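This briefing goes through one protein model for a reader at the bench. It begins with the surface and overall make-up, then turns to the sheet, the core and selected residues.

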Amino acid sequence: MEHKNIRVLLIAGRVAKTSNIKNFLQQSTSPSFLVHHYDSPQEAVDFLVESRCAADVILLDVGTVERENAKKVFQQVHSLAADIPIIILTGATEHDLAVSL
């Protein structure tokens, strides 16, 4: 049986959270995960454009961006990758923001 790599676009700038997520995903062997990580939303948008949306799932840490820009970033990513599930990562203080997206 062929194993498929699940391509994950991780948009997160918090080092501890990013390391934990990448380590957790990369330990899996079936399925296996190929993680593309970008600290800045603009770098992630550039990746989506250049790779023609080469991701199966997007993990967006809303704590990476300023609160007022979170909705803009979400909308921009979603407009480029409307068919790709976006999972919002949030801290306890960002719950209301994540729900509003």
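The protein exposes about 6200 Å², and carbon and sulfur atoms supply 52% of that area. Of its 101 residues, 35% count as buried. The model is predicted, with a mean pLDDT of 84 for the protein and 82% of residues at 70 or more.

**Overall make-up**

- The protein has 4 helices and 4 strands. Read from the N terminus, these elements follow the order β-α-β-α-β-α-β-α.
- Among contacts in the protein with a separation of 6 or more, 79% are between residues 24 or more positions apart.
- Confidence in the protein is highest in strand E3, with a mean of 93. Confidence is lowest in helix H4 (residues 95-100), where the mean is 65.

**Strand pairing**

- E1 is joined to strand E2 (residues 32-38) by 7 bridges, and the two strands run parallel. Within this pair, Ile 6 stands opposite Phe 33 of E2.
- E1 also pairs with E3, again in parallel, through 4 bridges. Two of the partnerships here are Val 8 with Val 57 of E3 and Leu 9 with Ile 58 of E3.
- E3 is in turn joined to strand E4 (residues 86-89) by 4 bridges, and these strands are parallel too. Ile 58, the bridge partner of Leu 9, stands opposite Ile 86 in E4.

**Strand E3**

- 5 of the 5 residues of E3 are buried, so this strand is largely enclosed by the rest of the structure.
- Val 57, Leu 59 and Asp 61 point one way from E3, while Ile 58 and Leu 60 point the other way. Residues on both sides of the strand are buried.
- Asp 61 lies in E3. Asp 61 counts as buried because its relative accessibility is 0%.
- Beyond its neighbours within four places in sequence, Asp 61 is in contact with Ile 11, Ala 12, Arg 14, Lys 17 and Leu 89.

**Nonpolar cores**

- The largest nonpolar core has 19 residues. The members that touch the most others are Leu 9, Ile 11, Leu 48, Ile 58, Leu 60, Val 77 and Ile 86.
- At least two residues of this core come from each of strand E1 (5-11), helix H2 (41-50), strand E3 (57-61) and helix H3 (67-80).
- A second, separate core is made of 9 residues, among them Ala 12, Leu 25, Leu 59 and Leu 89.
- Each side of E3 is represented in these cores: Ile 58 and Leu 60 are in the largest one, and Leu 59 is in the second.
- Leu 48 is in contact with Leu 9, Cys 53, Ile 58, Val 77, Leu 80 and Ala 81, leaving aside neighbours within four places in sequence.

**Helix H2 and the loop after it**

- Which residues of H2 are buried? They are Pro 41, Ala 44, Val 45, Phe 47 and Leu 48. These residues cover an arc of only 155 degrees around the axis, so they lie on the same side of H2.
- Glu 43 also lies in H2. With 40% relative accessibility, Glu 43 counts as partly exposed.
- The C-alpha atoms of Glu 43 and Ile 11 are separated by 8.8 Å, although the residues are 32 apart along the chain.
- Arg 52, just after H2, takes a positive phi of about 55 degrees.
- Ala 54 sits in the loop between H2 and E3. Setting aside neighbours within four places in sequence, Ala 54 is in contact with Arg 7, His 36 and Phe 47.
- Of these partners, Arg 7 is 47 residues from Ala 54 in sequence and 7.2 Å from Ala 54 in space, C-alpha to C-alpha.

How values were computed:
Residues numbered from 1 in each chain as written. Predicted model: local features only at pLDDT ≥ 70, side-chain atom pairs only at ≥ 80, totals over all residues. Heavy atoms only, no water. Core = buried A, V, L, I, M, F, W, Y, C linked by side-chain atoms within 4.5 Å. Buried < 20%, exposed > 50% of the residue type's maximum accessible area, 1.4 Å probe, protein only. Contact = heavy atoms within 4.5 Å. Pairing = 2+ DSSP bridges. pLDDT = per-residue confidence, 0-100. Areas by Shrake-Rupley, 256 points an atom, 1.4 Å probe, with all protein chains shown as cover. Arc of directions from axis to C-beta.
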